[in-house]
Number of protein chains: 2
Amino acid sequence: MSLPRDLFLGFVKLHILYHAGCEPVYGLWLIDELARHGYELSAGTLYPMLHSLEEGGLLVSEKRVVAGKMRKYYRLTDAGADALEQGRERATELLNEISEPAPTG
Amino acid sequence: MSLPRDLFLGFVKLHILYHAGCEPVYGLWLIDELARHGYELSAGTLYPMLHSLEEGGLLVSEKRVVAGKMRKYYRLTDAGADALEQGRERATELLNEISEPAPTG
DNA sequence: CGCTATCCTATCGTCTGGCGATATCGTCAA
DNA sequence: TTGACGATATCGCCAGACGATAGGATAGCG
């Protein structure tokens, strides 16, 4: 059985921030990359997500024409790097906690 | 600067599942416990969350009267344990990935 | 006994956001 | 010009996050 999606969306965003920190990324590439990690999102989910991340100051975009196609490349901002770092810490803390054996019952 | 909340809500739910797997938990205790981990959520956020988790079959509840007060205790179901396990894996994978040093720029 | 404080859960109204489906835009090929 | 293709943008609906507030049960006080 699959998990409710809302459990994962934060993870997805963190992934996006990370990739945008490695190199400029664009929509369809992200959809593909995330699918490789098991997160299947449609364009109707990803693009608004990107927009809100940009609006929130975590990403900045820049239009480029590649092979005749317009692409919007997103890069991580300082605030985005900060958010990613906080996400890292939170995720570490979460894993530390939930990885302790839970008594069944 | 604080992160957008939606980055964290999945983490919060995983925390809840974990705690519910350790021992039966109830609303206000969770609010307190989560606050200790830096997640401040109000009752209006937590209770509907609990309800939807139960509706989704990840938790089951049981009413108990403690010190004269009615409390609804939530425990993890098998499906919930499964979800938690998947969350663990995802979180591990996420951390593995985003912990690699990202080339600046 | 009634009053009030306390503890805990439930819900209302609003606004945000996830989603599939669809529209749109720019370029290349013929 | 038309069509195909790579990509982004948006519409419309429904779920859900949120603060605020209500509800309900009991204990303690007088």
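Two salt bridges are counted between chain B and chain A in this predicted model. In one of them, the side chain of Asp6(B) pairs with that of Lys13(A) at 2.1 Å, N to O. The interface of chain B and chain A also holds 14 residue pairs in polar contact, both residues being at pLDDT 80 or more.

On the side of chain B that touches chain A, the elements giving two or more residues are helix 1 and helix 4 (78-98) of chain B. Helix 4 of chain B supplies the largest share, 14 residues. By class, this side of chain B comprises 20 nonpolar, 11 polar and 10 charged residues.

Chain A and chain B each bring 41 residues to the contact. About 4,000 Å² is buried between the two chains, with 62% of it on carbon and sulfur atoms.

The protein also meets DNA strand D, and three phosphate contacts are listed here.

| Residue | Protein atom | Distance to a phosphate oxygen of DNA strand D |
|---|---|---|
| Leu28(A) | polar backbone atom | 3.0 Å |
| His51(A) | side-chain N or O atom | 2.8 Å |
| Lys72(A) | side-chain N or O atom | 2.7 Å |

Two or more residues near DNA strand D come from each of helix 2 (27-36), helix 3 (43-55) and strand 2 (69-76) of chain A, and from helix 1 (9-22) and helix 3 (43-55) of chain B. Of the 18 residues around the strand, those that come nearest are Tyr47(A), Arg71(A), Arg5(B), Ser42(B) and Thr45(B). The surface near DNA strand D consists of six nonpolar, seven polar and five charged residues. Sugar or phosphate accounts for 70% of the atoms of DNA strand D within 4 Å of the protein, and bases for the rest.

Notes: Residues numbered from 1 in each chain as written. Chains lettered and ligands numbered in written order. Heavy atoms only, no water. Near = heavy atom within 4 Å. Polar contact = N/O pair within 3.5 Å; in protein donor to acceptor, adjacent residues only side chain to side chain. Helix = DSSP H or I, 4+ residues; strand = E, 2+ residues; numbered from the N terminus. Nonpolar A, V, L, I, M, F, W, Y, C, P; charged D, E, K, R; others polar. Contact = heavy atoms within 4.5 Å. Buried area = accessible area lost by both parts, 1.4 Å probe. Salt bridge = Lys/Arg side-chain N within 4 Å of Asp/Glu carboxyl O.
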